[in-house]
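Q: I am new to this structure and would like to know what the terms used for it rest on. Could you take me through the ligand, the pockets, the cavity and the backbone?

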Amino acid sequence: MIDMNEISSLCKRRGFVFQSGEIYGGLGSVFDYGPLGVEFKQNIKNKWWRSTVQEREDVVGLDASILAHPQTWVASGHIQSFSDPLVECKSCHLRFKEGDVEGRCPECQGELTSPRMFNLMFKTFMGPVEDEASMIHLRPEIAQGIFTNFGNVLSATRKKLPFGIAQTGKSFRNEITTGNFTFRTREFEQMELEFFIRPEEESYWLDYWKEERLNWYTDLGIRRENLRLRRHEKEELAHYARDCYDIEYLFPSGWGEIEGVAGRGDFDLRRHSEVSGKDLTYFDEERGEHIFPYVIEPSSGVDRIMLALLIDSYHEEKVEREKRVVLKFKAELAPLKAAVLPLSRREELIRLASEVNLSLKPHFMTAYDDTQSIGRRYRRQDEIGTPFCVTIDFQSLEDNQVTIRERDSLRQIRIPIEVLTTTLKAKLSGEPFDALPPGGSHWLG
Ligand code: GAP
């Protein structure tokens, strides 16, 4: 398996992920997504949004603000309970999570203080005065915007139980223990669904969502043997959870959570009702009574899913005695769907290749590349997971045909330019590479 240093160096070299503030020495555990990373991340989020919201009748979307009313975090229990025990070195004042260090400070061997609780929420101030009254927190999970809008969504959509509200967005945690590249960062992106149910159906829906979500990852292309479900021990449960299953991926450092599927009971709606004084119950028409629905919450992190996909898709092969690195992403996730490559930098070839590239642009994300040898350009596209390369050669000027090379099989077909878009569309949606369009042929050399 590839190690984390190799993945992070590939990510930097090819423009997936950069260390934030690198020119200033780097901002700890904060990352920026480069030209390919932003496409890749968007494709993951789009797939989640399609399957969680658009393809379902029982889920609607939301985009709540990052800044929330201060009472939100009082009601949710985050002010009180979202903390880690922390010890501090009495000499160099470095801080560590209790349990991560034993005895003395690992940096200077200084004596450590006894643990005190450290709240993981970032604080800032709203308005011109920086005092206690204007202090607000950056959200540590996106779920609370869903709970505080429960009444609004319910009356706007007239949804009946069971139904869900989904959203994606940034969360912030002032993590003490960081590292492992983008696995644990201080700013990250979540995709969360709060699925509201009748209390007596909790175990049915918890089972349903843990299976549904596990299958979503195999559908992304992650190998099943690298995924597992792990039920939380009672002591591990978050302050709001009644039960929870982690979906874990086998990272180079060991099994790590990419998603939690938790039963939050009626904790959040009940607490927001109590603190706000607003009625957040649901009127059950069948029974003629008001109830607080229970919640099943599948909550995943885009950054961790992206990291798992990069690791799982990474392949090294020997082709003609040379090492070939390939990211075997599913086509729908690949940042670029096709690269258009003129065989040489002759003006006529560049002109035709640029025209071909522009004709593909309205349909899918492509790139044009005329630098270096064709072999090196193929390798570069393999290393960023581009499913197809479209090569324009001298023959193309005569017969208006181009060659498509498939990333995984390395096979090539030659087809007329006029059917290039439809052919690529068909191949990107899973048509076998060998199926030829009218006028197409297997390329001979
Ligand atoms: N609303 C529930 C919740 O936030 P969580 O298990 O704390 O639950 C859910 O977080 C997901 O968010 C995790 O499975 C992980 O993918 C992602 N996540 C949490 N903390 C993270 C961090 N510091 N860096 C990157 N991703 C993180």
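A: Gladly! Please keep in mind that this is a predicted model. A good place to start is Gln190, where a polar side-chain atom lies 3.0 Å from an oxygen atom of the ligand.

Q: What makes the pair formed by Gln190 and the ligand a polar contact?

A: The cut-off for a pair of N or O atoms is 3.5 Å. At 3.0 Å, the polar side-chain atom of Gln190 and the ligand oxygen fall within 3.5 Å, so the pair counts as a polar contact.

Q: What distances put Glu175 and Ile258 in polar contact with the ligand?

A: For Glu175, an N or O atom of the side chain is 2.8 Å from a nitrogen atom of the ligand. For Ile258 it is a backbone N or O atom, 2.9 Å from a ligand oxygen atom. Both pairs are within 3.5 Å, so both are polar contacts. As for cover, the ligand has 550 Å² of accessible area on its own, and the protein covers 92% of that.

Q: Which residues surround the ligand, and what kinds are they?

A: The shell holds 20 residues, with Glu141, Glu175, Thr185, Glu192 and Glu257 as the closest. By class, 10 are charged, six are polar and four are nonpolar. At least two shell residues come from each of strand E10 (187-197), strand E13 (254-265) and strand E16 (294-301). E13 supplies five residues, the largest share.

Q: What is the space taken by the ligand called?

A: That space is the largest pocket. A molecule is said to sit in a pocket if more than half of its atoms lie within 2 Å of the pocket's grid points.

Q: What lines the largest pocket, and how much space lies in it?

A: The largest pocket has about 1100 Å³ of space. Its lining has 42 residues, and those nearest the centre are Phe82, Arg173, Arg184, Tyr240 and Glu257. The lining is made up of 17 charged, 14 polar and 11 nonpolar residues. Among the elements that each supply at least two residues to it are helix H4 (78-81), strand E4 (83-88), strand E12 (243-251) and helix H9 (302-313). E13 gives the most here, with six residues.

Q: What can be said of the second largest pocket?

A: About 260 Å³ of space lies in the second largest pocket. It has 15 lining residues, and Arg13, Arg14, Lys323, Val325 and Glu383 are the closest to its centre. Helix H1 (4-14), strand E18 (322-327) and helix H11 (374-383) each give two or more residues to this lining. H1 gives the most, with five. Nine of the lining residues are charged, four are nonpolar and two are polar.

Q: Why is a space called a cavity and not a pocket?

A: The word cavity is used where a 1.4 Å probe fits but cannot get out, whereas a pocket is open. The structure holds one cavity of 30 Å³ or more. The largest cavity has a volume of about 70 Å³, so it passes that 30 Å³ mark.

Q: Which residues line the largest cavity?

A: Its lining includes Val30, Phe31, Tyr33, Lys41 and Asp303. Strand E2 (31-33) and E10 each supply at least two residues, and the largest share, three residues, comes from E10. The lining divides into five charged, four nonpolar and one polar residue.

Q: How do you know that the peptide bond from Leu161 to Pro162 is cis or trans?

A: The clue is omega, which is near -5° for this bond, and the bond is cis. Pro162 is in the loop between helix H6 (150-157) and strand E9 (163-172). For background, most peptide bonds are trans.

Q: What makes His93 and Gln109 worth a look?

A: Their phi angles do. Most residues other than glycine have a negative phi. His93 has a positive phi, near 65°, and Gln109 also has a positive phi, near 65°. His93 is in the loop between E4 and strand E5 (95-97), while Gln109 is in the loop between E5 and strand E6 (116-119).

Notes: Residues are numbered from 1 along each chain as its sequence is written. This is a predicted model: local features need pLDDT of at least 70, side-chain atom pairs count only at pLDDT 80 or more; totals for chains, interfaces and linings use all residues. Side-chain values use heavy atoms; hydrogens and water are left out. A residue is near a molecule or strand if one of its heavy atoms lies within 4 Å of it. A polar contact is a pair of N or O atoms within 3.5 Å; within protein, one must be able to donate a hydrogen and the other to accept it, and residues adjacent in sequence count only if both atoms are side-chain atoms. Accessible areas come from the Shrake-Rupley method with a 1.4 Å probe; for residues, only the protein chains shown count as cover. On a 1 Å grid over the protein atoms alone, a cavity is a set of points where a 1.4 Å probe fits but cannot get out, and a pocket is an open set with protein on both sides within 12 Å along at least five of seven lines; lining residues have an atom within 4 Å of a point. Helices (H or I, at least four residues) and strands (E, at least two) are DSSP runs, numbered from the N terminus. Ala, Val, Leu, Ile, Met, Phe, Trp, Tyr, Cys and Pro count as nonpolar, Asp, Glu, Lys and Arg as charged, and the others, Gly among them, as polar.
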